[in-house]
Amino acid sequence: MKPRYRFNIQPKYPPHQPLAGDWAGVEKGTGYEFWGLRRYLPGDNCGHIDWKARARSGELYVREFLQDSAYTLMLLVDVSASMGFGDKRSLAQDIAASLAYSALQNSNPCGLLLFADRVIDYQAPNASARQYQRLRSMLQKSRPVDCHETRLQSAIDHLTNLLPSCLGVILSDFHDRPGSLNALHSVAASDRSVAHEILALHLLEEVEWQLPDLTGQVPLQDLETGEELNLDLAQQQRYQVAVHRWRQHRIKQLARAGIDSTVIINGQDNVQEKINAFFARRLAARV
């Protein structure tokens, strides 16, 4: 089955492989290995202008590079109880399967780790022809796991203990407690931060991001702790401000740990464009 989305995956950092110099891709991109020269076009990065070619020819040329392709993609998919709210689980499955397809299509190994309050399942990275079906089957069989708290620590520990390097993508609603993010910080801020490049996608239902324009009382329940409260929609604006402030706090926590992240809202039709733009922004920040 073909994936729902088509992603252009590229690590922000050079591949952390023993033979990295032999692992450049075959397509042009924002890599490190020289591809060739072409005439300058409006909008090209001025930093890529080849001034020696300019001196020889009197024309402006820019340097092009081979696309980095030797990365190991690890997908860390949250299957805690809160991911069972709405259709977030399907969104995570579609994005994860599409990322896996994009990596494997370019012969990059891809693996999968399912986590909640612990590691639920793990498939080691592999670039074989059957790996896509293995990962897709594992995703489709996954179900939300009853747990009182989502813990990224166990997933990160598992990842860094087994793999010397990888490009990790966390797919989660990040309805976890601050302790888990502190654990991430200790990993990403260490000297292994480049070896284990980690980024995050916050997957949310639209109602978790923007409440509908309603009135009255709405009962809310935390699917993991079971805590309940009644929300007075007369206080909707204050609640909305608090929710967005809390999400920005999570994004900043991850950023301080060296983990870039972005919010993806289920039901919006710009998922592919937003994630590809996210990869592009990270690459632009590298140059």
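## Around S172

S172 touches D78, M83, L201, H202 and L203, leaving out residues up to four places away in sequence. This serine belongs to strand 6, and because its relative accessibility is 2%, S172 counts as buried. Another pairing to look at is S172 with L204: the two are 32 residues apart in sequence, and their C-alpha atoms are 8.4 Å apart in space. Please keep in mind as you read on that this is a predicted model.

## The chain as a whole

Stepping back, the protein chain holds eight helices and ten strands. Of its 287 residues, 45% are buried. The chain exposes about 14900 Å², and carbon and sulfur atoms supply 51% of that area.

Contacts also reach along the sequence. Taking contacts between residues at least 6 apart in sequence, 77% join residues at least 24 apart.

## The nonpolar cores

The largest nonpolar core contains 39 residues, and the ones with the most contacts inside it are I9, L73, L75, V77, I95, L99 and L203. Both helices and strands feed this core: two or more residues come from each of strand 3 (73-78), helix 2 (88-105), strand 4 (110-115), helix 3 (131-141), strand 6 (166-172), strand 7 (196-204) and helix 8 (271-286). Helix 2 gives the largest share, with nine residues.

V77 makes a good vantage point here. Setting aside neighbours within four places in sequence, V77 is in contact with A92, A96, L112, L113, L114, F115, L139 and L171. There is also a second, separate core of 17 residues, which includes L113, I156, L163 and L254.

## Helix 2 against helix 3

Two packed helices are described by the angle between their axes and the distance between those axes. For helix 2 and helix 3, the angle is about 170 degrees and the axes are 10 Å apart. The two helices are therefore roughly antiparallel to each other, since an angle over 145 degrees earns that description.

On the helix 2 side, the contact is made by R89, Q93, A96, A97, A100, Y101 and L104, while helix 3 contributes Q131, Y132, L135, R136, L139 and Q140. Sorted by class, this contact has eight nonpolar, three polar and two charged residues.

## L199 in strand 7

L199 sits in strand 7 and is buried, because its relative accessible area is 0%. Leaving out residues up to four places away in sequence, L199 touches L167, G168, V169, I170, I259, D260, F278, F279 and R282. One of these partners, I170, lies 29 residues away from L199 in sequence and 6.3 Å away in space, C-alpha to C-alpha.

## Two residues with positive phi

Most residues other than glycine have a negative phi. S107 and F174 are worth a look on that account. S107 has a phi near 65 degrees, a positive value in a residue that is not glycine. S107 lies in the loop between helix 2 and strand 4, and it counts as exposed because its relative accessibility is 51%, just where the cut-off of over 50% applies.

F174 has a positive phi of about 55 degrees, although it is not a glycine either. F174 is found in the loop between strand 6 and helix 5 (178-188). At 0% relative accessibility, F174 counts as buried.

## Two leucines in loops

L233 is in the loop between strand 9 (228-232) and helix 7 (236-256). With a relative accessible area of 8%, L233 is buried. Apart from neighbours within four places in sequence, L233 is in contact with L211, L214, T215, G216 and V218. The C-alpha atoms of L233 and L211 are separated by 9.1 Å, with their positions 22 residues apart along the chain.

L60 has its place in the loop between helix 1 (51-57) and strand 2 (61-68). Its relative accessible area is 31%, so L60 is partly exposed. Beyond neighbours within four places in sequence, L60 is in contact with R38, R39, Y40, I49, W51 and R54. R39 and L60 are 21 residues apart in sequence, and their C-alpha atoms are 6.0 Å apart in space.

Technical notes: Residues are numbered from 1 along each chain as its sequence is written. This is a predicted model: local features need pLDDT of at least 70, side-chain atom pairs count only at pLDDT 80 or more; totals for chains, interfaces and linings use all residues. Side-chain values use heavy atoms; hydrogens and water are left out. A nonpolar core is a set of buried Ala, Val, Leu, Ile, Met, Phe, Trp, Tyr and Cys residues joined through side-chain atoms within 4.5 Å. Buried means under 20% relative accessible area, exposed over 50%, partly exposed in between (1.4 Å probe, protein chains only). Helices (H or I, at least four residues) and strands (E, at least two) are DSSP runs, numbered from the N terminus. Contact means heavy atoms within 4.5 Å. Axes are lines fitted to C-alpha atoms, for helices over the stretch in contact, and angles run from 0 to 180 degrees between N-to-C directions. Angles under 35 degrees count as roughly parallel, over 145 as roughly antiparallel, 65 to 115 as roughly perpendicular and the rest as oblique. Ala, Val, Leu, Ile, Met, Phe, Trp, Tyr, Cys and Pro count as nonpolar, Asp, Glu, Lys and Arg as charged, and the others, Gly among them, as polar. Accessible areas come from the Shrake-Rupley method with a 1.4 Å probe; for residues, only the protein chains shown count as cover.
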